[in-house]
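User: I'm new to this structure and keep running into labels such as "salt bridge" and "buried". Could you show me how each label is earned?

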Amino acid sequence: MREASPAERAVIVQLDFGSDAIAEQLDEVRLLALSAGAEIAGEICARRSSPDPATFAGKGKVQEIAAFVAASAAQLVIFNHELSPAQERNLERAIGCRVVDRTRLILDIFAQRAQSAAGKLQVELAQLDHLATRLVRGWTHLERQKGGIGLRGPGEKQLETDRRLLGVRVKLLRERLARLERQRGVQRKARLRSEVLSVSLVGYTNAGKSTLFTALTHAGAYAADQLFATLDTSSRRLWLREAGNIVISDTVGFIRDLPHTLVAAFHATLEATAQADLLLHVVDSASPARELQIAEVDKTLAAIGAAAVPQILLMNKADLTGLPAAVERDEYGRIRRIRVSARCGEGLPLLRDALAETALAKARDARLPSSRTAMPATADNAGTALDPVSFL
């Protein structure tokens, strides 16, 4: 078993450009850093009207960061912002240690957590897409021309070689992911033909989706108080006494400013969410930033073409708010919100009833009696595993 590498001491940098949620952003980047395995040596915050083109933080603030890094013996500086390649190089030169922006931090967490073959491929593709703009970093020999038998043409520079080899690897990854997507497409078509209700759990990271998934299906999904605790999506059959079987899928959590390289790399897998019959949008109702988190999830759903999928807001962690479990309906009688506590189990019967109501409506619309998909309720099929839907 490989020994865990020692935690890197990291300094977090958060700049305020007039945001109303700066405290929540700081809380989030702290949890991101801890989730990546860093030890937080300190935090530096500042207000600016706009980013500095050369160093993002400005010359004076960069000097302050460099002094703090030297005094705290930190090995890493984490900017809770997206930096350009030039800004990263300038900051590393001025501070004297590695600098990681928000995108690279999230990509690193995904690389640590991905378990399935497809998940690892997709993370690697996202990393290479991000690296493509940063190939000049760290190289001191790029101007030396070197010939290479069977590897590079006469006079080809190291940078050109790197770009060409990276392009070959990216092409191979895309081909492998395309084959996996065709396999997933066959599985999805089979589920559509069965007329079984397909439900996807979506929501902001750390909202409690995996805890809810386990409480409903007894699947034993890993859950922890950290961002992106689980990345590989899994699906289970869930038996409902009134409606028979449905399929419920646990998906990765979304986050503010999700790197576009991740969205692009995982677009094929995210399409499965867009093809669901119902989205259970799990919300941490105890979070002061819950409205902003809801908006971020809705923005990501729109980006992947899932904005039109029917959605029920599931206000989780009701035990922390002191509010009782309840179901809210709109003026047409449609379920709008459900308050539950996945950890305590409060409100889960209401959620099951809501899922059964939706499944029966789907069966009526398809003019198929729900009894056709029913099977005896036994302990064996309470949460039957399906072929895993690979995701991150």
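**How the labels are earned**

Analyst: Let's start with Arg47 and Asp16, which form a salt bridge with their closest N and O atoms 2.7 Å apart. The pair links distant parts of the chain, 31 residues apart: Arg47 sits in strand S2 (residues 39-47) and Asp16 in strand S1 (residues 9-16). Helices (H or I, at least four residues) and strands (E, at least two) are DSSP runs, numbered from the N terminus.

Before we go on: this is a predicted model, where local features need pLDDT of at least 70 and side-chain atom pairs count only at pLDDT 80 or more, while totals for chains, interfaces and linings use all residues. Residues are numbered from 1 along each chain as its sequence is written, and side-chain values use heavy atoms, with hydrogens and water left out.

User: What makes Arg47 and Asp16 a salt bridge?

Analyst: The label needs a side-chain nitrogen of Lys or Arg within 4 Å of a carboxyl oxygen of Asp or Glu. Here the N and O atoms are 2.7 Å apart, so the pair qualifies. A search of the whole structure finds 19 salt bridges.

User: Why is Asp16 called buried?

Analyst: Buried means under 20% relative accessible area, exposed over 50%, and partly exposed in between (1.4 Å probe, protein chains only). Asp16 has 9%, so it is buried. Its partner Arg47 has 65%, so Arg47 is exposed.

User: How do you know that Asp319 is partly exposed?

Analyst: Its relative accessibility is 26%, so it falls in the in-between class. Asp319 meets Arg343 in a salt bridge (2.6 Å, N to O). That pair is 24 residues apart, with Asp319 in helix H11 (residues 318-321) and Arg343 in the loop between strand S11 (335-339) and helix H12 (348-365). Arg343, at 63%, is exposed.

User: Why are H1 and H4 called oblique to each other?

Analyst: They pack at an angle of about 40°, with their axes 9 Å apart. Angles under 35 degrees count as roughly parallel, over 145 as roughly antiparallel, 65 to 115 as roughly perpendicular and the rest as oblique. The angle of about 40° belongs to the rest, so H1 and H4 are oblique. Axes are lines fitted to C-alpha atoms, for helices over the stretch in contact, and angles run from 0 to 180 degrees between N-to-C directions.

User: Which salt bridge links H1 and H4?

Analyst: The side chains of Arg102 and Glu28 meet at 2.7 Å, N to O. Arg102 is in helix H4 (residues 102-113) and Glu28 in helix H1 (residues 22-35), 74 residues apart. Both Arg102 and Glu28 are buried.
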